[in-house]
Amino acid sequence: MQYQFQFPHHQGQEYYQQEAARQVCYLPVEQITLRAGENLTEMAAVAALAASISEIGLQKAITVEKTGEEKYRVVSGNQRLMACRLLGHSHVDAVVLWPDTGEEHIQPLIRGLLSGKLHYLEMARALQRLNRTFGLRREELARTLGVSHSAVTAKIALAELDLPLQALLMEENLPESIARSLTRLPDRDARMRIARKAAEQGLKVREVEAMVSSALHRLPASPLCGGRTVMRVHDYRLYLNAIRAVVRQMEEAGMSVSRQEKTGAAQVEMTITMSTRNRRSAR
């Protein structure tokens with residue numbers, strides 16, 4: 001099941017280069033080598049994944065980097081590739097990374113996360129990059145860091161806060177608990193006002209949460225609520241953030257759901273894909 005949303009927007013050349021790096025290709029399995037340094041002996045897990053793929057198909061493309069002419073190496077998705085081989089597939093869906101977005105950039109980010117020396121927003125941005133640019137699944141990131149899937153999801157949500165707010169959070173040394181509370185609020189101006197007040201008055205987390213709840217109650221009413229007057233909000237980013245928040249809640253509830261965004265010169269296209277079956281595997 002898929003839902004698509006389009007919003008007008010504009011991005012520069014850097015974005016289009018990143019999007020080109022994220023296009024899904026249909027690659028011959030024989031041209032792809034497995035990523036080294038992982039446990040490749042869990043054949044029971046691979047067999048279970050193969051059974052799932054046989055029944056419902058490959059739900060997420062593997063991510064590979066180009067290593068030569070018609071040669072690729074797995075960045076994320078070793079078990080998915082092994083399962084496809086086990087099923088006798090000749091080709092597999094794969095996201096091909098540009099040469100400058102491969103392993104040499106992944107390992108420094110992982111080491112930084114494991115060092116424990118990063119600010120929580122720096123961690124959030126690193127996790128977001130590993131997930132969206134390099135295609136590492138949140139389950140994989142959670143296992144690597146020794147935390148829960150929901151913790152990774154909550155951390156990545158912090159990276160979606162607008163940059164002026166992130167700067168304020170860092171400059172005023174506001175705690176992560178306050179930043180997380182602000183992610184509940186889709187109105188960026190209201191988020192900034194609350195953050196500034198928290199910094200100026202030294203508010204506690206519970207006080208910030210109360211202000212966020214109060215601001216949420218003042219948001220525009222849903223058009224499904226009968227004849228009530230609905231405020232018109234023209235900043236498309238508020239709606240983007242609201243949709244992202246809903247998808248995060250679905251992920252935290254254990255639903256199999258994914259979100260893809262493609263930004264063009266005049267619009268943003270968002271695709272929400274959710275499974276109508278129960279989640280079978282976290283791999």
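Buried means under 20% relative accessible area, exposed over 50% and partly exposed in between, computed with a 1.4 Å probe on protein chains only. This is a predicted model, in which local features need pLDDT of at least 70 and side-chain atom pairs count only at pLDDT 80 or more, while totals for chains, interfaces and linings use all residues. Residues are numbered from 1 along each chain as its sequence is written, and side-chain values use heavy atoms, with hydrogens and water left out.

**Exercise 1. Place glutamate 42.**

Task: Say where glutamate 42 is and find its burial class.

Solution:
- Start with the location: glutamate 42 lies in the loop between strand S3 (32-33) and helix H2 (43-56). Helices (H or I, at least four residues) and strands (E, at least two) are DSSP runs, numbered from the N terminus.
- Next, take the relative accessible area, 37%, which means that glutamate 42 is partly exposed.
- Finally, look across to glutamine 79: the two residues are 37 apart along the chain, and their C-alpha atoms are separated by 8.7 Å.

**Exercise 2. Examine two positive phi values.**

Task: Find phi and the burial class for glutamate 70 and for asparagine 173.

Solution:
- Recall the background first: most residues other than glycine have a negative phi.
- Glutamate 70, in the loop between strand S4 (62-68) and strand S5 (71-76), has a positive phi near 55 degrees. Its relative accessible area is 47%, so glutamate 70 is partly exposed.
- Asparagine 173 sits in the loop between H8 and helix H9 (176-182), and its phi is also positive, near 55 degrees. With a relative accessible area of 62%, asparagine 173 is exposed.
- For a glycine, turn to glycine 146, which follows H6 and has a positive phi near 75 degrees.

**Exercise 3. Describe the packing of H8 and H10.**

Task: How are the axes of helix H8 (residues 163-171) and helix H10 (residues 188-201) arranged, and which residues make the contact?

Solution:
- The angle is about 10 degrees and the axes are 10 Å apart. Axes are lines fitted to C-alpha atoms, for helices over the stretch in contact, and angles run from 0 to 180 degrees between N-to-C directions.
- H8 is therefore roughly parallel to H10. Angles under 35 degrees count as roughly parallel, over 145 as roughly antiparallel, 65 to 115 as roughly perpendicular and the rest as oblique.
- H8 contributes Pro164, Leu165 and Leu168, and H10 contributes Arg191, Met192, Ala195 and Arg196. Contact means heavy atoms within 4.5 Å.

**Exercise 4. Explore the surroundings of glutamate 160.**

Task: Is glutamate 160 buried or exposed, and what does its side chain meet?

Solution:
- Glutamate 160 belongs to the loop between helix H7 (149-159) and H8.
- Its relative accessibility is 14%, so glutamate 160 is buried.
- The glutamate 160 side chain makes a polar contact of 2.8 Å with the side chain of arginine 248. Such a contact is a pair of N or O atoms within 3.5 Å; within protein, one must be able to donate a hydrogen and the other to accept it, and residues adjacent in sequence count only if both atoms are side-chain atoms.
- Beyond its neighbours within four places in sequence, glutamate 160 contacts residues including Gln128, Arg132, Asn241 and Arg244.

**Exercise 5. Follow the S7 and S8 pair.**

Task: In which sense do strand S7 (residues 257-263) and S8 pair?

Solution:
- They pair in the antiparallel sense over seven bridges; two strands pair if DSSP finds at least two bridges between them.
- Four residues form the hairpin connection from S7 to S8, and serine 258 stands opposite threonine 273 in S8.
- Five of the seven residues of S8 (residues 268-274) are buried, so S8 is largely enclosed by the rest of the structure.
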